[in-house]
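Welcome, and please open the structure in your viewer. We will go through it one selection at a time.

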Amino acid sequence: MQKILVANRGEIALRVMKSAREMGIKTVAVYSEADRNAPHVKYADEAVLLGPPASSESYLLGDKIIEFCKELGVDGIHPGYGFLSENAEFADKVEQAGITFIGPSSDSMRVMGDKLSAKEAAKKFDIPLVPGTEGAIDDIEEAKRISAEIGFPILIKASAGGGGKGMRIVENADEFEEQMQLAINEAVSAFGNGAVFIEKYVTSPRHIEIQVLCDKHGNGVHLFERECSIQRRHQKVIEEAPSAVVSPEVRQKMGETALMVAKACNYVGAGTVEFIFDENHNFYFLEMNTRLQVEHPVTEMITGIDLVKEQIKVAKGEKLSFTQQDLKINGHAMEVRVYAENPRENFLPDIGTLQTYQRPHGPGVRVDDGFEEGMQVPIYYDPMISKLITHGKDREEAIERMIHACDDYKVVGIQTTLPFGKLVMKNEHFKSGDFDTHFVAKHFNVSDLEAANAEEAEVAALTLVHLLEKRKKQSLNSVLAEDGISKWKLNRAR
Ligand code: ADP
């Protein structure tokens with residue numbers, strides 16, 4: 001592979017290009033009018049404009065991207081995450097054009113792209129599933145009966161769902177009908193597919209996922225777990241590896257189960273098998289993401305494996321160069337997703353210009369980003385500015401480094417999730433590992449943010465007073481001659 005086009009933008013486009021460049025591969029960026037001056041465009045060896053800012057007129061134009069590849073002699077496309085990364089039709093077209101799609105086959109994507117067909121594939125391998133309906137259900141009476149059997153609360157999910165959309169919790173039979181109707185309507189409008197199914201709602205769940213990597217020769221390994229339970233709107237915001245609650249025995253079992261899920265869809269490349277983990281440490285298969293995940297760096301930090309390089313090698317047809325036994329967990333890694341969101345306003349996206357943008361540095365600190373000072377965070381795309389990742393010899397050190405890195409990360413002009421991240425790192429429940437996906441609802445209070453702010457303001461004020469006093473003393477000293485005689489007096493004496 002000589003030249004790769006990255007069909008994406010922002011931090012992930014840049015991150016993929018960096019690994020490609022290290023492998024001696026040329027890179028091509030694509031961009032929209034909103035991203036003309038973005039770092040991923042400047043970094044690439046070549047760059048092509050796709051069109052206006054809206055994704056539908058730029059980053060989602062698969063055919064146009066393939067045409068550019070042909071023109072520029074590109075032999076591989078890396079889709080990143082989001083946009084076209086899970087689009088089976090696009091993957092097919094790429095392969096038909098004689099270009100390598102750096103990802104799994106379109107068949108694997110199709111099986112895992114739909115929550116119901118994913119469950120069906122997993123079931124054949126005896127993989128534990130959350131109790132629920134076997135297929136889509138549209139008969140309300142039947143759905144009610146099944147829900148009563150499973151036991152409330154239950155969750156109605158859209159089969160085509162994603163990004164936390166199309167999910168409804170139903171507490172009791174009385175509200176069932178209304179909620180089911182709402183779920184169907186939401187599924188139709190968001191995904192154009194009204195198929196819904198029912199799952200037992202796990203009341204105190206953790207979201208724990210396993211990274212897998214499989215080559216085209218039948219070899220597969222898992223790269224341990226990532227804990228992604230700190231969420232808002234059913235979406236991850238803080239991740240870590242390994243999890244504070246997974247024992248070596250459970251880890252091995254989850255890893256083996258994840259590899260069976262991969263086998264169930266003949267998976268090739270890097271993928272993630274997501275599980276829901278209950279209070280009794282039982283785990284159930286949720287879904288498989290057939291692409292690189294946002295949170296992949298925490299796995300890279302604890303394993304020393306560059307997942308993008310592995311994706312490229314696998315796509316080229318190489319055999320995995322390591323076995324399961326070669327893989328070891330080294331220390332602990334944390335990730336805070338730095339979103340342009342206001343945690344004080346229920347995490348509403350915040351737009352504006354990065355008036356000040358200074359990254360933190362130091363041992364065990366990694367920042368994956370796609371912005372520079374002075375840039376605007378465009379309103380057209382996901383509002384993630386960067387990912388702040390820390391690594392330490394153990395969980396305590398990774399947390400401590402994250403607290404300092406949050407302090408050292410200077411962002412002015414836009415509200416971000418950084419103060420929230422710092423607050424989580426200091427929270428007793430988080431520190432002890434005692435939390436679930438309801439952490440934000442249970443333990444996050446806006447007043448704590450204000451208190452942390454006030455504390456910081458007080459420290460800043462005290463530092464200022466101290467500095468001023470020091471200055472005053474210094475200037476007084478400089479007025480005095482070394483032997484204590486006032487310079488003024490000396491001057492007068494002259
Ligand atoms: P999406 O594809 O929309 O992200 P997922 O199935 O991956 O949907 O679920 C997203 C999140 O919703 C999970 O991380 C978890 O917090 C919650 N969730 C999903 N299924 C259940 C369940 N059966 N019980 C409790 N929470 C669930």
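**Starting from a strand pair**

Select Lys-157 first: across from this residue, in strand 8, stands Phe-197. Keep in mind as you look around that this is a predicted model.

Now show strand 6 and strand 8 whole. Their pairing is antiparallel and runs over 5 bridges. Add strand 7 (167-170), and you have an open, antiparallel sheet of 3 strands in the order 7-6-8. Strand 7 and strand 8 are the edge strands, each pairing on one side only. From one strand to the next, the twist averages 25°.

**On to the ligand**

Go back to Lys-157 and turn on its side chain: one of its polar atoms lies 2.9 Å from a nitrogen atom of the ligand. Next, pick Lys-115, where a polar side-chain atom is 2.6 Å from a ligand oxygen atom. Then select Glu-274, with a side-chain N or O atom 3.2 Å from an oxygen atom of the ligand. How much of the ligand's accessible area does the protein cover? Of the 550 Å² that the ligand has on its own, 96% is covered.

**The whole shell**

Select everything around the ligand and you should have 23 residues, with Lys-115, Gly-164, His-207, Gln-231 and Glu-287 the closest. By type, the shell holds 8 nonpolar, 8 polar and 7 charged residues. Strands that each supply at least two of the shell residues include strand 6 (154-158) and strand 12 (269-277).

Finally, colour by domain. Why does the ligand lie between domain 2 (131-200) and domain 3 (206-448)? Because both domains give residues to the shell around the ligand.

Technical notes:
Residues numbered from 1 in each chain as written. Predicted model: local features only at pLDDT ≥ 70, side-chain atom pairs only at ≥ 80, totals over all residues. Heavy atoms only, no water. Near = heavy atom within 4 Å. Polar contact = N/O pair within 3.5 Å; in protein donor to acceptor, adjacent residues only side chain to side chain. Areas by Shrake-Rupley, 256 points an atom, 1.4 Å probe, with all protein chains shown as cover. Helix = DSSP H or I, 4+ residues; strand = E, 2+ residues; numbered from the N terminus. Nonpolar A, V, L, I, M, F, W, Y, C, P; charged D, E, K, R; others polar. Domains from an automatic or database assignment. Pairing = 2+ DSSP bridges. Axes fitted to C-alpha atoms, helices over the stretch in contact; angles between N-to-C directions.
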